[in-house]
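Work through the exercises below with the sequence and the coordinates at hand. Each task is followed by a solution that proceeds step by step.

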There are 2 protein chains.
Amino acid sequence: MNFCSQCGSTVRFDIPEDDTRPRHICNSCGVIHYINPKVIAGCLPVYEDKVLLCKRAIEPRNGYWTLPAGFMENGESTRNAATRETLEEANARVSNLQLYTITSLVPVSQVQLIYLAQLDDLNFSAGDETEDVQLFSEEDIPWKELAFQTIRNALKFYFEDRKEGKFPMRHVDLETPAGQYVDKSIQSI
Amino acid sequence: MNFCSQCGSTVRFDIPEDDTRPRHICNSCGVIHYINPKVIAGCLPVYEDKVLLCKRAIEPRNGYWTLPAGFMENGESTRNAATRETLEEANARVSNLQLYTITSLVPVSQVQLIYLAQLDDLNFSAGDETEDVQLFSEEDIPWKELAFQTIRNALKFYFEDRKEGKFPMRHVDLETPAGQYVDKSIQSI
């Protein structure tokens, strides 16, 4: 950030009065510009004994498989964001959403929510940011071609939990930079 | 937003190519400025049969009682944010955090996470944004002087759940403007 989005003047990066962290502060109008973590919401859609994955057609991780998920927008709930992203990326309709994983991606300042969901029908297809959409059985999951650690975690949790028939929410903090993520702390409730 | 924070030129509010929503787009360098929901994290600190509340010394809802909570910062986990806010607002140390409520505040584009937590000791006091900090028994909770619907919900859930000795996570969407919030959808898992 170089300029104030309110008045167009230059900003400095300094600790405001009554604060403990440096922020971008306008040198003219004094507005403080806060930059906060973003929320990513998505689904793990299940149809009979299979799960739905999308092959990414965009960076990052173009060509790798992922769950349908994306940035939450202003003016929607986390559940609506997860449902919308599933529709946009896989043209797929889901229901019975249950919060399944919540992950803090600390180095990239993101919070990711994945909902376990029922895929309503087989009328799915690749959206604009997707190259391919397929249903996978556990033995066919492309583990080495998954896009993100959070997606590996969600799928790993799901196939473990399915044996027990119980799907407790998992709360994970990932503290290591992307590509080397380690599960520091997992809370099951 | 009136000016591009990257180059200082004017912005227009228009739907970018390959998008479905209007965004602030720089008229000069073309950067798209996304504005997304913010995360609020906090704790419901419990000590024996009492809960810790803070009397707000800042707007909004100055003078009303709340749980220690605030905006999550970049570079921290949701749990660390909840712990930090409890320390900043109540000079209080907590442990054994368990995610208890997740609420989408749709009209204000916020996602609030409240953790049930154990208050470690009685060495608490008012932080800079707090007028007073007290422990309250159930019969003494100032229900009519609580700052927010989300705080009423968390306390209501807690005293209900305490009877059963089980504290399932509650997932709430609040769709109505502030002050008139109605619980549209509550998911207990």
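**Exercise 1.** Determine in which sense β4(A) and strand β5 of chain A pair, and over how many bridges.

*Solution.* In this predicted model, β4(A) and β5(A), the latter covering residues 50-56, pair in the antiparallel sense, and two bridges hold the pairing. To place the register, take Y47(A), whose bridge partner in β5(A) is K50(A). The next step is the turn: the hairpin of these strands has two residues between them, and E48(A) adopts a positive phi near 50° there.

**Exercise 2.** Find the other strands to which β4(A) is joined, and decide whether strand β4 is largely enclosed or not.

*Solution.* Begin with strand β9 of chain A (residues 110-119), which runs parallel to β4(A) and is joined to it by nine bridges; within this pairing, G42(A) stands opposite I114(A). Continue with strand β7 of chain A (residues 69-71), where three bridges make an antiparallel connection to β4(A), and where F71(A) lies opposite I40(A). Finally consider burial, with under 20% relative accessible area as the cut-off: of the 10 residues in β4(A), which spans 38-47, eight are buried, so the strand is largely enclosed by the rest of the structure.

**Exercise 3.** Establish the strand order of the open three-stranded sheet in chain A, and explain why β1 and β3 each have one side without a neighbour.

*Solution.* The order is β1-β2-β3 in chain A, and the pairing is antiparallel. β1 (11-14) and β3 (32-33) of chain A are the edge strands with a single partner each, so one side of each remains without a neighbour in the sheet. For the pairing of β2(A), residues 23-26, with β3(A), the model gives two antiparallel bridges, and H24(A) has H33(A) as its bridge partner in β3(A).

**Exercise 4.** Trace the pairings of strand β2 in chain B, and state which way its side chains point.

*Solution.* First, four bridges join β1(B), residues 11-14, to β2(B) in an antiparallel arrangement, with D14(B) partnered by R23(B). Second, β2(B) is joined to β3(B), residues 32-33, by two bridges, again running antiparallel, and H24(B) stands opposite H33(B). The hairpin of β2(B) and β3(B) has five residues between the strands, among which G30(B) takes a positive phi near 80°. Third, R23(B) and I25(B) point one way from β2(B), whereas H24(B) and C26(B) point the other way, and all are buried.

**Exercise 5.** Characterise the interface of chain A and chain B by its area, its polar pairs and the elements that contribute to it.

*Solution.* The size of an interface is often expressed as the accessible area lost when the parts come together. Here chain A and chain B bury about 3,900 Å² between them, of which 46% is on carbon and sulfur atoms, and the contact draws 43 residues from chain A and 43 residues from chain B. Eight salt bridges are found across the interface, including one in which the side chains of R79(A) and D173(B) meet at 3.2 Å, N to O; the count of residue pairs in polar contact is 24. On the side of chain A that touches chain B, the elements giving two or more residues are β4, α1 (78-90), β8 (94-105), β9, β11 (170-174) and β12 (183-188), with β8(A) supplying the largest share, five residues. Sorted by class, that side of chain A has 20 nonpolar, 15 polar and eight charged residues.

Methods
Residues are numbered from 1 along each chain as its sequence is written. Chains are lettered from A and ligands numbered from 1 in the order in which they are written. This is a predicted model: local features need pLDDT of at least 70, side-chain atom pairs count only at pLDDT 80 or more; totals for chains, interfaces and linings use all residues. Side-chain values use heavy atoms; hydrogens and water are left out. Two strands pair if DSSP finds at least two bridges between them. Buried means under 20% relative accessible area, exposed over 50%, partly exposed in between (1.4 Å probe, protein chains only). Contact means heavy atoms within 4.5 Å. Buried area is the accessible area (1.4 Å probe) that two parts lose on being put together, summed over both. A salt bridge is a side-chain nitrogen of Lys or Arg within 4 Å of a carboxyl oxygen of Asp or Glu. A polar contact is a pair of N or O atoms within 3.5 Å; within protein, one must be able to donate a hydrogen and the other to accept it, and residues adjacent in sequence count only if both atoms are side-chain atoms. Ala, Val, Leu, Ile, Met, Phe, Trp, Tyr, Cys and Pro count as nonpolar, Asp, Glu, Lys and Arg as charged, and the others, Gly among them, as polar.
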